[in-house]
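Biologist: I am new to this model and would like a close look at one part of it, namely how its helices pack against one another. Please set that part in the setting of the whole chain, and then follow it out to some individual residues.

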Amino acid sequence: MRYIIARMDIIAILNQIDAVVWGPVMICLLLGTHIFLTIRTGFIQRKLPQAIKMSVVEDPDAEGDVSQFGALVTALAGTIGTGSIVGVATAIIAGGPGAIFWMWLTGVFGIATKYAEVYASVKYRVKDSSGEMLGGAMYAWERAFARADGSTPWWARLGAVAFALFAVIATIGTGSAVQSAAMTGIIESSIPGSPDWLIALIIALAVALVIFGGVRSISTVCEKLVPFMAVAYALGCIIVLVYNGSYVGQALSTILDSALTGRAAFGGAVGSGIMVALQFGCARGLFSNESGLGTAPIVAAAAATRNPARQALIAMTGTFWSTVVICAITGLVMVSTLLANPGIIEGGGIKEGAALASAAFATIPYVGTPILVVGMVSFAYSTILGWSYYGNRCVTYLFGRRAIRPYQVLYVAVGFLGALGVGDMVWTISDIGNALMAIPNIIMVLLLSGLIARETKHYVYEDNLNEPDHTEIPTIPTK
């Protein structure tokens, strides 16, 4: 009994912290940054068709550890995860159907933020003594604001360390525990009686076999897995939408009506209110596409690209695919299914995103549950791989290469424990961690927005994307 009460107190405290960090200030910072950078970059979203074409073409003359496409799919592995399914369902429970609209809008404007943060990461990347590329907000903080004598001001070092530290913490929760828990939950619901420990062990082994091989191993697996899983899931969702065809139009109007008027839906069984929908839509939108979070730029810095603008354009397509496409169709599937089967949530019995996702897809005969299971398992597994690389690089920055293997062991161990059972409390912790790592990253990007805008004009709008950046990439001593 004491344990239950203590756990309830912890959950209540975490929810209060989450409400503060994802309150009006954070929402204004996030959406404001997305809109500001959209304007500052000349509405870079209009270059999406060109960026998508570039994403499948290699740049053989450029310097880097992985291909441009390899960097993109590794980042997509981290973004197209449980946030694309369970995260959408959780947003609907907490914020109502209107949260889907704000998730989508966060994705549209977030494309510009993804472009800007990746541009900064590639521009200020470095090499270690073994020749491997290192990049991310921590290196951008150090190099972009360095004094004439090469020293880093204390405030820039603080921004770098804060980002790296919060990122390591976030990878443990968001990248490992949450994803493995989601995999276990969906497998158990589909195959009753499956032992937790066996599922956890299989997940741990599957992750360890890949991440111990480093960025090239992760990139190789993601290049094969991510395109297949994304296309397969999207096609599955389209089949569901055809099945729910008579409710799709009503689902769209429900999402818009709930977002703009705050009117409760489904008899008030889920969250309602404009601010609630906005709060959870933005939070889950960031969790889904990571625009402003600073994660994708870490792997983008390893890409073989001749100038920062090329990889920034390619990287911004990740936000388009993860939120503007995948989350949008997931949201339509969820809302149309709830409209067709209102009994799913009547009475408020379902309070977790995973349970809502399972119940919604289970109403579709034959194909619903297989689509959910395959989508959840593949999405969660790819996210575990992608986020392990982010943590790897941040640990390297903080403690040196000697810390990589202990971090990888810890990462796998936390994934094993997470698979044995965590609930929505871990989603709340992940939300908090994401916000704390996003703040130093967003501040850095805003401070560099003028430089990014000027160089974007030269490379993108004056048709100089094939021009190589002749700035020498510095080599730093390996710790």
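Modeller: What follows starts with the whole protein, turns to two pairs of packed helices, and ends with single residues.

This is a predicted model, and its protein contains 19 helices and 2 strands. Of its 479 residues, 60% count as buried, while the surface that the protein exposes comes to about 18,200 Å², with carbon and sulfur atoms supplying 68% of that area. If one takes the contacts between residues at least 6 apart in sequence, 85% of them join residues at least 24 apart.

Two packed helices are described by the angle between their axes and the distance between the axes. For helix H6, residues 98-123, and helix H19, residues 449-461, the angle is about 90° and the axes lie 11 Å apart. Angles of 65 to 115 degrees count as roughly perpendicular, and H6 and H19 are therefore roughly perpendicular to each other. On the H6 side the contact is made by Tyr115, Ala116, Tyr119, Ala120 and Lys123, and on the H19 side by Leu451, Ile452, Glu455, Thr456, Tyr459 and Val460. By class, the residues of this contact between H6 and H19 are 8 nonpolar, 1 polar and 2 charged.

The second pair is made of helix H7, residues 137-144, and helix H8, whose axes come within 8 Å and cross at roughly 175°. Because an angle over 145 degrees counts as roughly antiparallel, H7 is described as roughly antiparallel to H8. Here Ala137, Met138, Trp141 and Glu142 of H7 meet Trp155, Ala156, Arg157, Gly159, Ala160 and Phe163 of H8, and the contact of H7 with H8 divides into 7 nonpolar, 1 polar and 2 charged residues.

Helix H8 spans residues 154-190 and also holds Thr184, a residue that counts as buried at 4% relative accessibility. Leaving aside residues up to four places away in sequence, Thr184 touches Asp196, Ile199, Ile203 and Ala419.

Another helix to visit is H10, residues 215-243, where Pro227 is found. Pro227 is partly exposed, with a relative accessible area of 32%, and, again not counting residues up to four places away in sequence, it touches Phe69, Val73 and Cys222. Pro227 and Val73 are 154 residues apart along the chain, yet their C-alpha atoms are separated by 7.7 Å.

Between the strands, Asp128 sits in the loop that runs from strand S1 (126-127) to strand S2 (133-134), and Asp128 is buried, with a relative accessible area of 3%. The side chain of Asp128 makes a polar contact with the side chain of Arg401, at 3.0 Å. Asp128 also lies 5.4 Å from Thr475, C-alpha to C-alpha, although 347 residues separate the two in sequence.

Finally, there is the backbone to consider, since most residues other than glycine have a negative phi. Phe43, which is not a glycine, has a positive phi of about 55°; Phe43 is found in the loop between helix H2 (24-40) and helix H3 (48-55), and at 40% relative accessibility it counts as partly exposed. Asp463, not a glycine either, has a positive phi of about 55°. The place of Asp463 is in the segment after H19, the helix that packs against H6, and at 67% relative accessibility Asp463 counts as exposed.

Terms used:
Residues numbered from 1 in each chain as written. Predicted model: local features only at pLDDT ≥ 70, side-chain atom pairs only at ≥ 80, totals over all residues. Heavy atoms only, no water. Helix = DSSP H or I, 4+ residues; strand = E, 2+ residues; numbered from the N terminus. Buried < 20%, exposed > 50% of the residue type's maximum accessible area, 1.4 Å probe, protein only. Contact = heavy atoms within 4.5 Å. Areas by Shrake-Rupley, 256 points an atom, 1.4 Å probe, with all protein chains shown as cover. Axes fitted to C-alpha atoms, helices over the stretch in contact; angles between N-to-C directions. Parallel < 35°, antiparallel > 145°, perpendicular 65-115°, else oblique. Nonpolar A, V, L, I, M, F, W, Y, C, P; charged D, E, K, R; others polar. Polar contact = N/O pair within 3.5 Å; in protein donor to acceptor, adjacent residues only side chain to side chain.
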